[in-house]
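Here is a short set of questions and answers for a first look. Keep the sequence and the model side by side as you read.

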Amino acid sequence: MLKHFRNPRVKTLHKIAISFNMTLSEFLDFQELNDYDFDNEQDND
């Protein structure tokens, strides 16, 4: 069964960051994420 996940967990993001030799905070530090308003996002889980 093939699953597509839209919301990666922190553990997954940490593994990706480590593969780029970055910390999680360095990996997630970009302007689009800093400007994003999470309060207006609908959670469909």
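Q: N21 is found in the loop between which two helices?
A: This is a predicted model. In it, one helix spans 10–19, and another spans 24–27. N21 is found in the loop between α1 and α2.

Q: What is the phi of N21 near?
A: Most residues other than glycine have a negative phi. N21 is a residue other than glycine, yet its phi is positive. The value is near 60°.

Q: Is N21 buried or exposed?
A: A residue counts as exposed over 50% relative accessible area. N21 has 73% relative accessibility, so N21 counts as exposed.

Q: How are the rings of F20 and F27 arranged?
A: The structure holds 1 aromatic pair. Its ring centres, in F20 and F27, are 6.3 Å apart. Planes under 30 degrees apart count as stacked. The planes of F20 and F27 are at 15°, so the pair is stacked.

Q: Which class of exposure does F27 fall into?
A: Partly exposed lies between the cut-offs of 20% and 50%. F20, its ring partner, is exposed at 53%. F27 has 24% relative accessibility, so F27 counts as partly exposed.

Q: What pattern does the protein chain follow along the sequence?
A: The protein chain has 3 helices and 0 strands. Read in order, the pattern is α-α-α.

Q: What percentage of the residues count as buried?
A: Buried means under 20% relative accessible area. The protein chain has 45 residues and exposes about 4,800 Å². The share of residues that count as buried is 4%.

Note on methods:
Residues numbered from 1 in each chain as written. Predicted model: local features only at pLDDT ≥ 70, side-chain atom pairs only at ≥ 80, totals over all residues. Heavy atoms only, no water. Helix = DSSP H or I, 4+ residues; strand = E, 2+ residues; numbered from the N terminus. Buried < 20%, exposed > 50% of the residue type's maximum accessible area, 1.4 Å probe, protein only. Areas by Shrake-Rupley, 256 points an atom, 1.4 Å probe, with all protein chains shown as cover. Phe/Tyr/Trp six-rings, centres within 6.5 Å; stacked < 30°, edge-to-face > 60°.
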